[in-house]
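Colleague: I would be grateful for a close look at a single part of this structure, the largest pocket. Please describe its lining, and then turn to the aromatic pairs.

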Amino acid sequence: AKIATLYQEFLNERVPHGDVVEIGTWWGKSALVLLLLARQFGIGNVLCVDPWKDEELVQGVPDVDAASAALSAEEAFEVFKMNLLPYIVPRTAIHLTTSDINYLRFTSADANKIYKVKGECVISSDTFGRTEFVHKIALLHIDGNHAYEKVTQDVALWTPLVRRSTEIGDLLRAQRGIFASRRLHGSFGRYALGQLDKMRRK
């Protein structure tokens, strides 16, 4: 359902030109979909943000945390690279290999500080080479740590960087994930809608 929704947004031409940013990438399945759609519709480069650290998997929900404890973030990072590498189309510019996707292996908050620094925004990695970003987010996909505090922090940090649009409600996709209670789920929904209202008024 999530992939179908993302495809519909691109198909309906609701996504302007700019960076495609994903908060929470893990194995890279949705990142691959975003990459292929961004290429097909000429949107822009893709930035994946994920710390890939075991301690960042804690969400404060006992059942979820118990399941997460059995996972390896380092292994997920290697799987992410293996999943994406076959789809990388390297381009050579000034003797540097460049690509249209890259990653920041940082928490969302730390990656946000790097991304929004004024001036040329270039992210480099040994895996994907060099990728330039324009500091304007065309589509933001939030699917990181699902703890309420983490989600609200992600929304607060990244939504101000989304390009202003009459379709802004369609451009923000915040995966609500697993929450401890229906009350918490509702609180997040109200918070996200409040952030969208602020964006529309700017």
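**The largest pocket and the aromatic pairs**

Modeller: In this predicted model, the lining of the largest pocket draws at least two residues from each of helix H1 (2–11), strand E1 (19–23), helix H2 (29–41), helix H3 (62–68), helix H5 (108–115) and helix H6 (148–158). The volume of this pocket is about 860 Å³. It is lined by 34 residues, of which Trp26, Asp50, Asp143, Gly144 and Asn145 are the closest to its centre. Sorted by class, the lining comprises 13 nonpolar, 12 polar and nine charged residues.

I turn now to the aromatic side chains. Across the whole structure, a search finds 10 aromatic pairs. One of them joins Phe77 and Tyr103: the ring centres are 5.4 Å apart and the planes meet at 75°, so the pair is edge-to-face, the cut-off for that class being over 60 degrees. Because Phe77 belongs to helix H4 (residues 73–84) and Tyr103 to strand E5 (residues 101–104), the pair ties together parts that lie 26 residues apart in sequence. Both Phe77 and Tyr103 are buried. These two residues also belong to one aromatic cluster, formed by Trp52, Phe77, Phe80, Tyr103 and Phe128. Phe77 has a further partner in Arg105, which lies over the face of its ring at 4.2 Å from the ring centre. Phe77 thus takes part in an edge-to-face pair with Tyr103, in the aromatic cluster and in the contact with Arg105 over its face.

Definitions and conventions
Residues are numbered from 1 along each chain as its sequence is written. This is a predicted model: local features need pLDDT of at least 70, side-chain atom pairs count only at pLDDT 80 or more; totals for chains, interfaces and linings use all residues. Side-chain values use heavy atoms; hydrogens and water are left out. Rings of Phe, Tyr and Trp (its six-membered ring) pair if their centres lie within 6.5 Å; planes under 30 degrees apart count as stacked, over 60 as edge-to-face and the rest as tilted. Helices (H or I, at least four residues) and strands (E, at least two) are DSSP runs, numbered from the N terminus. Buried means under 20% relative accessible area, exposed over 50%, partly exposed in between (1.4 Å probe, protein chains only). A charge sits over a ring if NZ of Lys or CZ of Arg is within 6 Å of the ring centre and within 35 degrees of the ring normal. On a 1 Å grid over the protein atoms alone, a cavity is a set of points where a 1.4 Å probe fits but cannot get out, and a pocket is an open set with protein on both sides within 12 Å along at least five of seven lines; lining residues have an atom within 4 Å of a point. Grid points are joined across faces, edges and corners, and a volume is the space filled by probe spheres set on the points. Ala, Val, Leu, Ile, Met, Phe, Trp, Tyr, Cys and Pro count as nonpolar, Asp, Glu, Lys and Arg as charged, and the others, Gly among them, as polar.
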